[in-house]
Amino acid sequence: MKKELRLMKGNEAIAEAAIRAGCDGYFGYPITPQSEVLEYLMAEKPHERTGMVVLQAESEVASINMVYGGAACGKKVMTSSSSPGISLMQEGLSYIAGAELPCLVVNVVRGGPGLGTIQPSQSDYFQAVKGGGHGDYKLIVLAPSSVQEMYDFVGLAFELAFKYRNPAMILSDGAIGQMMEKVELDDPRPRWTDEEIVRISPWATTGKPAGRERNIITSLELDPAKQEKLNLKLQEKYRKLEKEEQRFEKFFCDDAEYAFMAFGTSSRICLKAIQLARAKGIRVGMLRPITLYPFPVDAVKEMAGKVRGILVVEMNAGQMIEDVRMIVEGKVKVEHYGRFGGIIPSPEEVELALEQIIIGG
């Protein structure tokens, strides 16, 4: 069957994917550079297409708590925002993780700290993968590097969120959110019926058929022994995630002496830098994490045993590099090249930084 092709912004692709994935509700608040998600949904009127609810909440705090309520009912619900707005959602995300509820949160990252700039950045890596709220919890974190992946990862995020009863995040940035590329759209999937929700999510608060016993959803437990039991259950789930859901891509790694590690927009820059380096006879490849949590630990360990050096390229002051260095355990040199405050590095800058590593031994 011929697929439908459409030229779309990354933010628009997120919104269209949500409709076609059978999303039940979107609750959000406008903030640059992701406002097109909400704007597209409002313009498309998905309540007329699928019955999906789209609501502009009073604030980011309100929107994440609306997501909490919808997720507790076993519905596919989501929100999106950009860096300062995601910060406001952290308490709600901790509650959702503690209550073991599936949902999708999209962060189209901009420069910071503070109000910062509306330009793209990757400086929310720590917040996303380490748990920006309180308590020992993890989000499933996917990092798209194209508009097509912005679209594709919505369905994948919902799939993983419901499989593990855990909130999932798509960690993008302002460049991918605003750029336009051709997107291949798949056929719409219908929203789940009440009967399907009862079968798929037996833990949900209420549901049909009538007479089903009501479940209580909470992340509160005053007995420390019971709270520890919940935490142990969560840690077991995270270990399962780390074992089974590592996702990554390799580029030009078969003969590589050096390697880039980058995600999102930075990985696009590195692909061009690879061409520049190889034209000079430098054999370099790239490992691109698709899941930032769970991080592709096994692939990093394998690569570290084959190359002479790794250059971690990020649009921040150095965040993912801490995970790479911890995994490598000093077995190979790991350096960082980053621009921040909303500046995107050029391929020439990245290639020159690689040369400096080689010169420095």
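This briefing describes the sheets, helices and nonpolar cores of one protein chain. The model is predicted. One open sheet has seven strands, and another open sheet has five. The largest nonpolar core has 92 residues, and it draws at least three residues from each of domain 1 (4–195) and domain 2 (248–359).

**The seven-stranded sheet**

- The strands of this open sheet follow the order β3-β2-β4-β5-β7-β6-β12, and their pairing is mixed.
- Strands β3 (53–56) and β12 (291–293) each have a single partner strand, so one side of each is left without a neighbour in the sheet.
- On average, neighbouring strands here are turned by 20° against each other, direction ignored.
- Strand β5 (residues 103–109) runs parallel to strand β7 (residues 167–173), and seven bridges join the two.
- Within this pair, L104 stands opposite A168 in β7.
- Helix α8 packs on the sheet and touches β4, β5, β6 (140–142) and β7. The direction of α8 makes about 165° with that of β6.

**The five-stranded sheet**

- This open sheet is also of mixed pairing, with the strand order β9-β11-β10-β13-β14.
- Its edges are β9 (248–251) and β14 (333–338); each has a single partner strand, so one side of each lacks a neighbour in the sheet.
- Strand β9 is joined by four bridges to strand β11 (residues 284–289), and the two run antiparallel. Here E249 stands opposite R288 in β11.
- Helix α12 (residues 264–279) lies across β9, β10 (258–261), β11 and β13 (309–314), running at about 170° to β11.
- Helix α15 (residues 347–359) packs on the sheet as well, touching β10, β11, β13 and β14. Its direction makes about 150° with that of β13.

**Nonpolar cores**

- In soluble globular proteins, nonpolar side chains tend to be buried together.
- In the largest core, the residues with the most contacts inside it are M78, M261, L292, I310, M320 and V324.
- Helix α8 (residues 147–164) supplies the largest share of this core, namely twelve residues.
- A second, separate core has 19 residues, including A273, L311, L354 and I357.
- Beyond its neighbours within four places in sequence, L292 is in contact with Y125, V129, V141, A143, L171, F263 and M320.

**A pair of packed helices**

- Two packed helices are described by the angle between their axes and the distance between the axes.
- For helix α13 (residues 297–304) and helix α14 (residues 320–328), the angle is about 65° and the axes are 9 Å apart.
- The crossing of α13 and α14 is right-handed.
- At the contact, V297, V300, K301 and A304 in α13 meet V324, I327 and V328 in α14.

**Buried residues and a positive phi**

- S81 lies in strand β4 (residues 77–81). Its relative accessible area is 0%, and S81 is therefore buried.
- Leaving out residues up to four places away in sequence, S81 touches I31, Q34, E60, I86, M89, V106, N107 and V108.
- S63 belongs to helix α4 (residues 60–72). S63 counts as buried because its relative accessibility is 0%.
- With residues up to four places away in sequence again left out, S63 touches F27, G28, A57, T79 and M89.
- Helix α2 (residues 35–44) has the buried residues S35, E36, V37, L38, Y40 and L41.
- Just after α2, K45 takes a positive phi of about 50°.

Notes
Residues are numbered from 1 along each chain as its sequence is written. This is a predicted model: local features need pLDDT of at least 70, side-chain atom pairs count only at pLDDT 80 or more; totals for chains, interfaces and linings use all residues. Side-chain values use heavy atoms; hydrogens and water are left out. A nonpolar core is a set of buried Ala, Val, Leu, Ile, Met, Phe, Trp, Tyr and Cys residues joined through side-chain atoms within 4.5 Å. Buried means under 20% relative accessible area, exposed over 50%, partly exposed in between (1.4 Å probe, protein chains only). Domain bounds come from an automatic or database domain assignment. Contact means heavy atoms within 4.5 Å. Two strands pair if DSSP finds at least two bridges between them. Axes are lines fitted to C-alpha atoms, for helices over the stretch in contact, and angles run from 0 to 180 degrees between N-to-C directions. A crossing is left-handed if the near helix is turned anticlockwise from the far one by less than a right angle, and right-handed if clockwise.
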